[in-house]
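Please open the structure in your viewer and keep the selection panel at hand. The tour proceeds by successive selections.

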Amino acid sequence: MPVLHQPRDLDEACTLLAELDDPMVYGGGTAIQILLKQGLLFAENLVDLSFVPGLTAIEATATGIRVGAMTPLRRMETDAQVAGVVPLAAATYGHVANPRVRNTASVGGNIAHGDYRLDPPTALLALDAQVELRSAHGQRRVPVRDFFVDFQLTAVEHGELITAIEIPAQPAGSASSYVKLSSLGENDWPSASAAALLVTEAGRRTLRLGIGALAPIPQFVSVDVSGHDLETTVEAAKAAADPLIDPIPDVRGSVTYKRRLGLVAVEDAVRRAWKDQDDD
Amino acid sequence: MRMLNLTVNGRVHDVPVDDNELLLDVLRTKVGCTSVREGCGVGACGACTVLVDGRSVSSCLALAVRHDGAEIVTADGLPGDDAVVEAFVECGAMQCGYCIPGFVLMTHELLAENPQPDAEQIAAHLEGNICRCGTYPEICAAVTSAAARGARL
Ligand SMILES: Cc1cc2nc3c(=O)[nH]c(=O)nc-3n(C[C@H](O)[C@H](O)[C@H](O)COP(=O)(O)OP(=O)(O)OC[C@H]3O[C@@H](n4cnc5c(N)ncnc54)[C@H](O)[C@@H]3O)c2cc1C
Ligand code: FES
Ligand code: FES
């Protein structure tokens, strides 16, 4: 069994991560406990962030919001500020697992988990969020669009922890939607998912798509849809998404099935975002 | 081992726990709350649900030592005339009963946040709980009935 450490501030946490053998950050622990039960966790030391102050705040910034890494996922779904500033993020976080897991799992642990099927990264990609990292050597920021490096591999380096995620506000007049399609049960991991954000800025219309569960890492693509109507936007979205889809076959579907479902998710997300914009 | 201070159903308990012990095991074996049950063990069924400071948690994934000083509610600690429990009984919302403590606590959390949920909101809050006996229609009716009674913890 790994040894549990409970640092009382960020500096102590960073020192522990720098000095311990095989350390692992313990966020909400929902993924770590399952790996422990499955005998698949090989860390020797767990560094629990739950007693580190200052990691659970949701604050307004000049450009959007900053969310502390230990903020429970459920607050992203229920917090009025999140729903107002980044409605796409609020909707997407609300689709993770079930309310109990969302009450316990953390925003930092979710993205650090690095699973290709996670719901929240799709929205964070479309919204162009930044991940704030800290280690004994200092602080740095990584765009979410560079954060997922390879299958189960993220930009978090040895000795680093995530302190916050910064999400730029959804532009005025934008419209968005998240679609999650699960094949095993209503509340299961997705077989395919898509977050669509339609933005109109300086006369240009852009569709930003985050795609989940359809390739070894979550994918992002941006399409210029200026002058398009709904049907040509849908076609442009599917054409842009298709080359990014590289499914991993498993109990939730074959390659062929997930490829088809992926394009359905993209189409549904675009149509719902379009409707969202008409309703405003 | 260290001492953990837990308030469970209004009673204070000081219990010795190991760093890696799960809240599920501590509540069952050291506090005696056997309504907290293990099903899947991985957060997916809700049999082990408890309310920690009012919020639902899968105790099968929760480290006990992170809950020092917490206020915990388990289904066996609910008052005899709890409106949610009465609604479940009157609606016949159980067969073997294994899953029901979890459903009852999820219902309390839902009604505390949203006293008059519609069918879709009920399903969205309870969809992470599994009933192997398939009592879902009766459970949904019981939640609606509990809301009509103005259930409050
Ligand atoms: C039943 C069930 C169903 C699920 N279904 C879904 C689903 O439908 N969609 C979905 O998106 N997810 C799903 N999940 C996964 C869930 O989103 C993750 O388990 C959760 O978000 C992980 O967050 P955590 O805080 O609990 O992480 P932890 O378990 O604490 O950690 C996970 C990983 O992140 C690292 N880590 C944690 N915090 C930090 C930090 N601050 N800095 C750096 N590294 C850190 C840990 O070292 C570890 O490697 C499901 C989980 C369960 C249990
Ligand atoms: S036993 Fe904890 S959720 Fe199933
Ligand atoms: S009543 Fe038997 S599992 Fe639900």
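The following stops concern the interface between two domains of a predicted model.

**Stop 1: the two domains.** Select residues 55-168 of chain A, which form domain 1, and colour them apart from residues 175-279, which form domain 2. A distance drawn between the C-alpha centres of these two domains of chain A amounts to 20 Å.

**Stop 2: the interface.** Next, select the residues in contact across the boundary: 23 belong to domain 1 of chain A and 26 to domain 2 of chain A. Together the two domains of chain A bury about 2,000 Å², and carbon and sulfur atoms account for 64% of that area. Now display A:Tyr116, A:Arg117 and A:Thr122; these contribute 35% of the area that domain 1 of chain A buries against domain 2 of chain A, more than any other three residues.

**Stop 3: the polar links.** Show the side chains of A:Lys180 and A:Asp119, which are joined by a salt bridge at 2.9 Å, N to O. Between domain 1 and domain 2 of chain A, the count is one salt bridge. Six residue pairs are in polar contact across this interface of domain 1 and domain 2 of chain A, with both residues at pLDDT 80 or more.

**Stop 4: the domain 1 side.** Which elements give two or more residues to the side of domain 1 of chain A that touches domain 2 of chain A? Select helix H5 (87-93), helix H8 (120-127) and strand E8 (148-150) of chain A to see them. H8(A) provides the largest share of that side, six residues. Finally, colour this side of domain 1 of chain A by residue class: 13 of its residues are nonpolar, four polar and six charged.

Key:
Residues numbered from 1 in each chain as written. Chains lettered and ligands numbered in written order. Predicted model: local features only at pLDDT ≥ 70, side-chain atom pairs only at ≥ 80, totals over all residues. Heavy atoms only, no water. Domains from an automatic or database assignment. Contact = heavy atoms within 4.5 Å. Buried area = accessible area lost by both parts, 1.4 Å probe. Salt bridge = Lys/Arg side-chain N within 4 Å of Asp/Glu carboxyl O. Polar contact = N/O pair within 3.5 Å; in protein donor to acceptor, adjacent residues only side chain to side chain. Helix = DSSP H or I, 4+ residues; strand = E, 2+ residues; numbered from the N terminus. Nonpolar A, V, L, I, M, F, W, Y, C, P; charged D, E, K, R; others polar.
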